[in-house]
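Reader: Please walk me through this chain. Keep the answers short, and show the reasoning.

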Amino acid sequence: MKQFSMKLTASLIIAIAGYLAFWPVEIDPVAWQAPENFGYSGDFEKNQQLSQINRIELEGDIGPEDLALGKDGNVYFALLSGDIKFLDNQGQIQSWVNTGGRPLGIEFDQQGNLLVADAFKGLLSISPKGEITTLVKSVDGIDINYADDVDVASNGNIYFSDASSKFHAKEFGTYGASLLDINEHGGHGRIIEYNPETKTSTVLAQGVNFANGVTLSHDEQFVLFNETGTYRVMRLALNGDQRGQLAVVIDNLPSFPDNIARGGNGVYWLGLVSPRSKPLDMLSNSPSLRKVIQRLPEFLRPKAQHYGHIIAINDAGEVVFNLQDPKGIYGHTTGALEVDDKLYVSSLHDTALGVTKNVNY
């Protein structure tokens, strides 16, 4: 009996080892070298400045991932259910439309239409009456598999990100697809310009490791975007001989950057959705071991941590504000929107909007 038990144990060990070594997975990891993570030090020193944030509960809704200020003075937000709702001037949540997908980044154009980067459906435009029009579903013969964030220039041109052309948000879910793309690190993200007059789309940057938040610079000479899988913010030139050229604004962030948006006094608000994963950093140059991670049960794989963190940077990439909530009273923070004396904060997974007093410049 003892001999049988030993054989059975050995067989199980061999089977598990074989599974971890050879079982097919969705990803084909690419070797890279993650920069040393200095964590919450220097410009990112831990603090409690976001821990007094107020929660506006969403009555069962989840994931107010991005925010936009309408001409009516209402704060609009996109939800996991596909709903886009708004917070009216009396502080009451009102329903508006449902895209039938997963709206992520949102921004109003000059005509009052809400531009939506819908992860399942591509780039959408919603009229003030709630009529939904699809603007872009594919570019250069490649489907928009994960529209993520959007901004619009004063001349009407629209800039948006396709986070991953490989891992479809509808197939894997927005969160699941992001984990796959970041673990693979295969450069499947794109930044796209859409001209509404000519109805043409142009890929301005590709090979991005999870192309996430997008915003115009204050002078509209550049697009700033978050390369989430590489922990940095990039600058993309839009005009003249430099058009299409890339430069790093800030890198080696202590967390995964999500959305980015213009604020007052020349700053950009940046949401840091979760601290970096030590295992992923340690194994960045070991593709085969990252495959092993993918074969582990889901509860053992790296995942987003419930931590609140937003920062503001200037055009030089200097950190102007560093607001943290280590307690996770409001976690998985994706970005922030300035409205008068308030700073509204969005989240990937939370069941509330966050709002706190605006910082003093």
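The questions below go from the whole chain to single strands, helices and residues.

Reader: What kind of model is this, and how many helices and strands are there in the chain?
Author: The model is predicted. Strands and helices both occur in the chain. The count is 26 strands and five helices.

Reader: Why does the chain count as being as compact as a globular protein of its length?
Author: The globule rule gives 21 Å for 361 residues. The chain is close to that, so it is as compact as a globular protein of that length. Its radius of gyration is 21 Å.

Reader: What does the C-alpha trace span along its principal axes, and what percentage of the residues count as buried?
Author: The C-alpha trace spans about 75 × 45 × 40 Å along the principal axes. The chain has 361 residues. The share that counts as buried is 53%.

Reader: Among contacts between residues at least 6 apart in sequence, what percentage join residues at least 24 apart?
Author: The pool here is contacts in the chain between residues at least 6 apart in sequence. Those joining residues at least 24 apart make up 54%.

Reader: How many Å apart are the mean positions of the positive and negative charges?
Author: The chain exposes about 16100 Å², with 51% supplied by carbon and sulfur atoms. It carries 28 positive and 43 negative charges. Their mean positions are apart by 9 Å.

Reader: Which residue stands opposite Phe86 in strand E5?
Author: Strands E4 (residues 83-87) and E5 (residues 93-98) pair antiparallel over five bridges. Their hairpin has five residues between the strands, and Gly91 takes a positive phi near 80° there. Opposite Phe86 stands Gln94.

Reader: Why is strand E17 largely enclosed by the rest of the structure?
Author: Strand E17 covers residues 222-227, which is six residues. It is largely enclosed because of how many of these are buried: five.

Reader: Which residue is the bridge partner of Ala211 in E17?
Author: Strand E16 (residues 211-216) runs antiparallel to E17, joined by four bridges. Five residues lie between the strands in this hairpin, and Glu220 has a positive phi near 60°. The partner of Ala211 is Glu227.

Reader: Which residue in E18 is the bridge partner of Leu224?
Author: E17 also runs antiparallel to strand E18 (residues 232-237), through six bridges. That hairpin has four residues between the strands, with Tyr231 in the turn at a positive phi of about 60°. The partner of Leu224 is Arg235.

Reader: Is Met234 buried or exposed?
Author: Met234 lies in strand E18. Its contacts beyond four places in sequence include Val223, Leu224 and Phe225, and also Leu246 and Val248. Under 20% relative accessible area means buried. At 6% relative accessibility, Met234 counts as buried.

Reader: How many residues of helix H3 are buried?
Author: Helix H3 runs over residues 174-184 and is mostly covered. Among its buried residues are Ala177, Leu180 and Ile182. They pack against strands E6 and E20 and against helices H2, H4 and H5. Of the 11 residues, the buried ones number eight.

Reader: Which residue follows H3?
Author: The residue has a positive phi, near 60°. It is His185.

Reader: What is the relative accessible area of Thr174?
Author: Thr174 is placed in helix H3. Beyond four places in sequence, it touches Arg102, Leu104, Ala119, Phe120, Tyr146 and Ala169. Thr174 is buried, with a relative accessible area of 10%.

Reader: Which residues of helix H3 does Gln294 contact?
Author: Gln294 is in helix H5 and counts as buried at 10% relative accessibility. Leaving aside neighbours within four places, its contacts include Val25, Glu26, Ile27 and Arg301. The list also holds two buried residues of H3. They are Leu180 and Asn183.

Reader: Where does Asp350 lie?
Author: Asp350 is buried, with a relative accessible area of 6%. Residues it touches beyond four places in sequence include Arg55, Asp61, His306 and Tyr330. Strand E25 (342-347) is on one side and strand E26 (352-357) on the other. Asp350 lies in the loop between E25 and E26.

How values were computed
Residues are numbered from 1 along each chain as its sequence is written. This is a predicted model: local features need pLDDT of at least 70, side-chain atom pairs count only at pLDDT 80 or more; totals for chains, interfaces and linings use all residues. Side-chain values use heavy atoms; hydrogens and water are left out. The radius of gyration is taken over C-alpha atoms; the globule rule is 2.2 Å times the number of residues to the power 0.38. Buried means under 20% relative accessible area, exposed over 50%, partly exposed in between (1.4 Å probe, protein chains only). Contact means heavy atoms within 4.5 Å. Accessible areas come from the Shrake-Rupley method with a 1.4 Å probe; for residues, only the protein chains shown count as cover. Lys and Arg count as positive and Asp and Glu as negative; His and the chain ends are not counted. The place of a charge is taken as NZ of Lys, CZ of Arg, CG of Asp or CD of Glu. Two strands pair if DSSP finds at least two bridges between them.
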